[in-house]
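Grab a coffee and open the viewer. Below are a few exercises to work through with the model on screen, each followed by a worked solution.

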Amino acid sequence: MTTTTIDTVQTLESRHILQLYRRAPVTFVRGQGVRLYDIDGREYLDLLSGIGVASLGHAHPGLARAVADQAQTLLHTSNLFYHPLQGQLAERLANLSGLSRAFFCNSGTEAVEACLKFARRYWYTRGEPRAEIVALEESFHGRTFGSLSVTSDEHYRAPFAPLLPGVTFVAVNEPSALLAAVSTSTAAIIAEPVQGEGGVRPLTPAFAEAITQACARTGALLIADEVQSGLGRTGYPFYSAAIGLKPHLVSIGKALGGGVPVGAALVSDEVAQAISFGDHGSTYGGNLLACRAALCFLDELVGGGLLAHVGRVGRHFERSLKALAARHAIVKEVRGAGLMWGLELTRDATPVVREGLARGVIVNRTAEKVVRLLPPLVITEAEIDQAIDRLEAALAAVGAGE
Ligand SMILES: Cc1ncc(COP(=O)(O)O)c(C=O)c1O
């Protein structure tokens, strides 16, 4: 029998896994709360939660019990039949979002694809086909063709052209640019209320107001992509509502299943009425396992007080990060809300991520110069303090070499 070591894992992957990801040289085998443990038993504080997914932390006892129980009962039957959990989950999401109907899928990009299709279908049903979309610079909405078409980064787009036609990108937080771009040919505006991959950039209330005005003037629908910013991450159920937006469609994913893949498009009544049987679908979407995990997450978020917890620890996180930035000249700006933060550096963020990993704190780099922080929503103030100490050591090590 061969022993599993970091070398055997990496050698096997290098032969058989399509090489799409530049993985850090660490192999995780176990987690507990906000801590991860690698194959050699080293402990790490996880300030990334698998890019905003492990919302309840790792090995959450309630989620583990729910998933195990569901696996022993019934996992999947397809959308050809009813099961008891999909309606319950949709009702809970409707109460949280104010959007009455849900379509379930398996990932963030599928949720965005569904929103784009539903927006097109809305205008088709009205007998006024509109195909144009206004999206934002620095946006990221996923890797499938529709989502990629509204993602601005040329690096992701160029190898796959031609993408969907009719997409216009406007500068973020520039109300006049947005107002000029939206017309009566615009089917929808799509925006992340806090841009994630683009460097953790919250939309300003003034920009949100321009979006609302543009929609009112032209009839364009608003798609809020809350895959990263939604479901408690910023201390609000949805950041769009916090800045005064009233989207017709909302895409969600990541945190919803706490690690079990599940996404959803949440849809207003007005849009839902334009959609017919067979317009869209998914084999896995909303199966019993996914719904059970998502119900468990929502139990914690709403009934379990997790949302209020994020509000509290989020303020502590913000204070600590701003104090950290004041001590390190390489941190230029601190942006975010709740437990979604970015530290924009004066330089490439790669060495900070690497030095952090070496000191037992997991963060990641986005938009080249931004260190992104998306800890599990259950993180405590004491754990934040400990993680910040490790991050501080990483910043000092990189800053000293400047
Ligand atoms: C705002 C946003 N939308 C969509 C996606 C795509 O989600 P997924 O990777 O689950 O397809 C992401 C992923 O990072 C995201 O941040």
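The exercises start with the whole chain and then move to single residues; keep in mind that this is a predicted model.

**Exercise 1. Work out how the radius of gyration of the chain fits with a compact globule.**

Solution. Start with the length: the chain has 402 residues. For that many residues, a compact globule would have a radius of gyration near 21 Å. Now look up the value for the chain, which is 21 Å, so it agrees with the globule rule. For a feel of the outline, the C-alpha atoms fill a box of roughly 60 × 55 × 45 Å along the principal axes.

**Exercise 2. Describe the make-up of the chain: secondary structure, burial, contacts and surface.**

Solution. Count the elements and you get 15 helices and 17 strands. Next comes burial: 52% of the 402 residues are buried. Then take the contacts between residues at least 6 apart in sequence; of these, 73% join residues at least 24 apart. Last, the surface: about 18,200 Å² is exposed, and carbon and sulfur atoms supply 54% of it.

**Exercise 3. Find how far apart the mean positions of the positive and negative charges are, and how many salt bridges a search of the whole structure finds.**

Solution. Tally the charges: there are 36 positive and 39 negative. Their mean positions are 1 Å apart. Side chains of opposite charge can pair when their charged atoms come close. A search of the whole structure turns up 17 salt bridges.

**Exercise 4. Take the salt bridge of R23 and E13 and say where each partner sits and how exposed each one is.**

Solution. First the distance: the two side chains meet at 2.8 Å, N to O. Then the places: E13 belongs to helix α1, while R23 is ten residues away in the loop between α1 (6–16) and β1 (28–32). Finally, accessibility: R23 has 51% and counts as exposed, because the cut-off is over 50%. E13, at 26%, is partly exposed.

**Exercise 5. Do the same for E154 and R157: is each one buried or exposed?**

Solution. The salt bridge here spans 3.5 Å, N to O. Both residues are in helix α7 (residues 154–157), three residues apart, which means about one helical turn separates them. E154 is exposed at 52% relative accessibility. R157 is buried at 14%, since buried means under 20%.

**Exercise 6. Explain which parts of the chain the D348 and R365 pair ties together.**

Solution. Begin with the contact itself, a salt bridge of 3.1 Å, N to O. D348 lies in the loop between β14 (340–345) and α14 (350–358), and R365 is in strand β16 (residues 364–366), so the pair ties together parts 17 residues apart in sequence. D348 is partly exposed at 30%, and R365 is partly exposed as well, at 34%. Elsewhere, K332, E333, R335 and E344 are joined into one network by salt bridges that share partners.

**Exercise 7. Place V363 in the chain and list what it contacts beyond its sequence neighbours.**

Solution. Locate V363 first: look in the loop between β15 (361–362) and β16. With 4% relative accessibility, V363 counts as buried. Leaving out neighbours within four places in sequence, V363 touches L47, L48, V353, V371, R372, L373 and L391. Pick L48 from that list: V363 and L48 are 315 residues apart in sequence, yet their C-alpha atoms are 5.5 Å apart in space.

Definitions and conventions:
Residues are numbered from 1 along each chain as its sequence is written. This is a predicted model: local features need pLDDT of at least 70, side-chain atom pairs count only at pLDDT 80 or more; totals for chains, interfaces and linings use all residues. Side-chain values use heavy atoms; hydrogens and water are left out. Helices (H or I, at least four residues) and strands (E, at least two) are DSSP runs, numbered from the N terminus. The radius of gyration is taken over C-alpha atoms; the globule rule is 2.2 Å times the number of residues to the power 0.38. Buried means under 20% relative accessible area, exposed over 50%, partly exposed in between (1.4 Å probe, protein chains only). Contact means heavy atoms within 4.5 Å. Accessible areas come from the Shrake-Rupley method with a 1.4 Å probe; for residues, only the protein chains shown count as cover. Lys and Arg count as positive and Asp and Glu as negative; His and the chain ends are not counted. The place of a charge is taken as NZ of Lys, CZ of Arg, CG of Asp or CD of Glu. A salt bridge is a side-chain nitrogen of Lys or Arg within 4 Å of a carboxyl oxygen of Asp or Glu.
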